[in-house]
Amino acid sequence: MLIGVVGKTNVGKTTFFSAATLVEAERGNRPFVTIEPNEGVGFVRVRSVCTELGVRCEPKYGWCNGRYRYVPVKLLDVAGLVVGAHAGRGLGNKFLDDLRRATVNILVVDASGGTDDEGNPVPPGTHDPVRDVEIVEEEFARWIAGIIRKNLDKVVRRVRAGSKPDEALSEVLSGLAIGRREILRAAETAGVSLRSLDGIGEEDLVRFSRVLRRISKPFLIAANKVDVPESEENVKRLKEQYGDAVVPTSAEAELILRKAASAGLIRYEPGDPQFTVVDEARLTEAQRRALRLVEEKVLDKFGGTGVQEALDRAALQVAGGVVVFPVENESRYTDKDGRVLPDALLLERGSTLKDLAYAIHSEIGEKAAFGIDARTKMRLGLDYVLKSGDVIKIVLKR
Ligand SMILES: Nc1nc2c(ncn2[C@@H]2O[C@H](COP(=O)(O)OP(=O)(O)O)[C@@H](O)[C@H]2O)c(=O)[nH]1
Ligand SMILES: [Mg+2]
């Protein structure tokens with residue numbers, strides 16, 4: 001799974017990305033072999049299974065505090081978006097290509113209303129952050145519409161030759177991993193007939209593309225900079241418009257807390273509603289003041305900085321990801337070296353036991369015969385659909 005961090009310039013994307021990837025950068029353990037220059041490793045927080053099983057996790061990557069296990073996930077720092085990206089403006093196509101690659105995108109907006117469309121600073125409360133969402137939605141939709149338009153002849157030809165229209169369309173959109181079911185649903189919702197695509201007007205095409213984007217590539221909206229007082233009103237409006245998809249965040253507060261924690265000044269785990277000072281005497285006056293502001297303006301008001309919540313909700317709710325724990329020994333929940341619950345893998349919605357085997361190693365994927373549920377000792381077929389929290393031994397063919 002890959003989580004994209006997207007939005008226009010100056011909303012706090014890089015701050016969010018830095019805060020979310022700081023821990024890994026320090027611990028330096030690399031769970032992923034390949035990583036691009038604009039990628040980093042963040043963590044999704046799940047309730048740990050070790051306490052329930054009466055053992056103590058020994059994670060190879062990430063960490064566990066007995067209550068929560070922090071599971072590595074790749075994050076993508078997407079290039080800043082400008083209006084007109086779909087037509088190639090700014091880093092246009094690079095931006096949209098990043099959006100496409102991500103399983104799910106966290107759309108960061110400036111909830112303080114302190115940056116205009118182009119990302120220039122303006123007085124807080126003067127720009128409408130609902131616009132920030134609409135801009136990205138619109139660029140993405142127009143880009144999809146452009147791909148369909150460019151390939152329309154091909155689609156029409158294939159339909160004439162007997163293909164179903166949703167099948168022909170999904171092929172054209174395969175780079176976006178948009179499936180036939182999503183296409184059919186979008187056509188129905190948008191009131192567009194796929195049978196008469198050859199004569200489709202631009203307005204209908206864009207409307208269809210908007211719905212299709214919403215269904216197939218939903219965003220989690222991080223309403224950032226909530227430490228700024230002007231945000232309050234805007235967060236309310238964002239929630240009215242986008243409901244549960246909105247998570248209030250202060251990326252800056254999270255970065256301050258994670259840095260202070262890694263310097264040993266405070267005890268704080270990502271997602272915690274508070275922190276404790278390790279040694280009052282070691283704090284400089286400036287540090288003390290910064291921490292007090294984080295407490296007053298963010299933690300006390302929102303019960304957390306929201307950064308961890310945004311990652312968790314994006315990966316687990318919006319994308320429907322599942323976290324599973326493969327083991328070699330299904331009685332002790334260990335690998336072959338006796339390490340307890342060494343791996344926790346975040347897989348995409350609907351992943352099967354076979355997908356898990358391939359995610360561990362292609363050779364294991366090829367040789368997997370069946371699985372054993374470590375809790376019940378029941379046998380699981382290769383097409384078993386994984387549930388979050390599953391602890392599974394994969395048995396290989398002889
Ligand atoms: N008040 C406040 N400022 C923030 C927050 N997050 C980022 N910023 C500031 O917003 C500006 C742009 O941040 P940056 O992460 O570079 O934005 P990007 O262009 O979207 O990557 C910087 O001055 C940050 O310090 C936040 O949560 N609260
Ligand atoms: Mg940036």
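# Salt bridges, helix packing and a sheet in a predicted model

Author: In this predicted model, Glu137 and Arg213 form a salt bridge, with their closest N and O atoms 3.2 Å apart.

Reader: Why is the contact of Glu137 with Arg213 called a salt bridge?

Author: The term asks for a side-chain nitrogen of Lys or Arg within 4 Å of a carboxyl oxygen of Asp or Glu, and the closest N and O atoms of Glu137 and Arg213 are 3.2 Å apart, so the pair qualifies. Glu137 belongs to helix α4 and Arg213 to helix α8 (residues 202–216), so this salt bridge ties together parts that are 76 residues apart in sequence. Both Glu137 and Arg213 are buried. By this rule, the count comes to 24 salt bridges.

Reader: What makes Arg149 and Glu202 a salt bridge, and are these residues buried or exposed?

Author: The closest N and O atoms of Arg149 and Glu202 are 3.0 Å apart, which is within the 4 Å that the rule allows. This pair, too, links distant parts of the chain, with Arg149 in helix α4 and Glu202 in helix α8, 53 residues apart. Neither word fits their accessibility, because buried means under 20% and exposed over 50%: Arg149 has a relative accessible area of 31% and Glu202 one of 43%, so each is called partly exposed.

Reader: How do you know that Glu233 and Lys236 form a salt bridge, and where do they lie?

Author: Their closest N and O atoms are 3.7 Å apart, still within the limit of 4 Å. Glu233 and Lys236 both lie in helix α9, three residues apart, which is about one turn of the helix. With relative accessible areas of 47% for Glu233 and 46% for Lys236, both residues are partly exposed.

Reader: Why is Lys74 called buried?

Author: Its relative accessible area is 16%, and since buried means under 20%, Lys74 is counted as buried. Lys74 lies in strand β4 (residues 68–77) and, leaving aside neighbours within four places in sequence, is in contact with Met1, Leu2, Ile3, Phe32, Thr34, Ile35, Glu39 and Gly40. Glu39 appears again in a network of salt bridges that links Glu39, Lys74 and Arg101.

Reader: Why is helix α4 called oblique to helix α9?

Author: The axes of α4 (residues 129–150) and α9 (residues 231–242) come within 9 Å and cross at roughly 40°. Angles under 35 degrees count as roughly parallel and those from 65 to 115 as roughly perpendicular, so the crossing falls outside both ranges and α4 is oblique to α9. On the α4 side, the residues in contact are Pro129, Val130, Val133, Glu134 and Glu137, which meet Asn234, Arg237, Leu238, Gln241 and Tyr242 in α9. By class, this contact has five nonpolar, two polar and three charged residues.

Reader: What makes β11 and β13 the edge strands of their sheet?

Author: The open sheet of five strands has the order β11-β10-β14-β12-β13, with mixed pairing, and β11 (345–347) and β13 (379–380) are edge strands because each pairs on one side only.

Reader: How do you know that β12 and β13 pair?

Author: Strands pair if DSSP finds at least two bridges between them, and β12 (residues 368–373) and β13 have two bridges, in the antiparallel sense, so they count as paired. Ile372 stands opposite Arg379 in β13. Helix α13 (residues 353–360) packs on this sheet, touching β10 (322–327), β11, β12, β13 and β14 (391–396), and its direction makes about 80° with that of β14.

Terms used: Residues numbered from 1 in each chain as written. Chains lettered and ligands numbered in written order. Predicted model: local features only at pLDDT ≥ 70, side-chain atom pairs only at ≥ 80, totals over all residues. Heavy atoms only, no water. Axes fitted to C-alpha atoms, helices over the stretch in contact; angles between N-to-C directions. Helix = DSSP H or I, 4+ residues; strand = E, 2+ residues; numbered from the N terminus. Parallel < 35°, antiparallel > 145°, perpendicular 65-115°, else oblique. Contact = heavy atoms within 4.5 Å. Nonpolar A, V, L, I, M, F, W, Y, C, P; charged D, E, K, R; others polar. Buried < 20%, exposed > 50% of the residue type's maximum accessible area, 1.4 Å probe, protein only.
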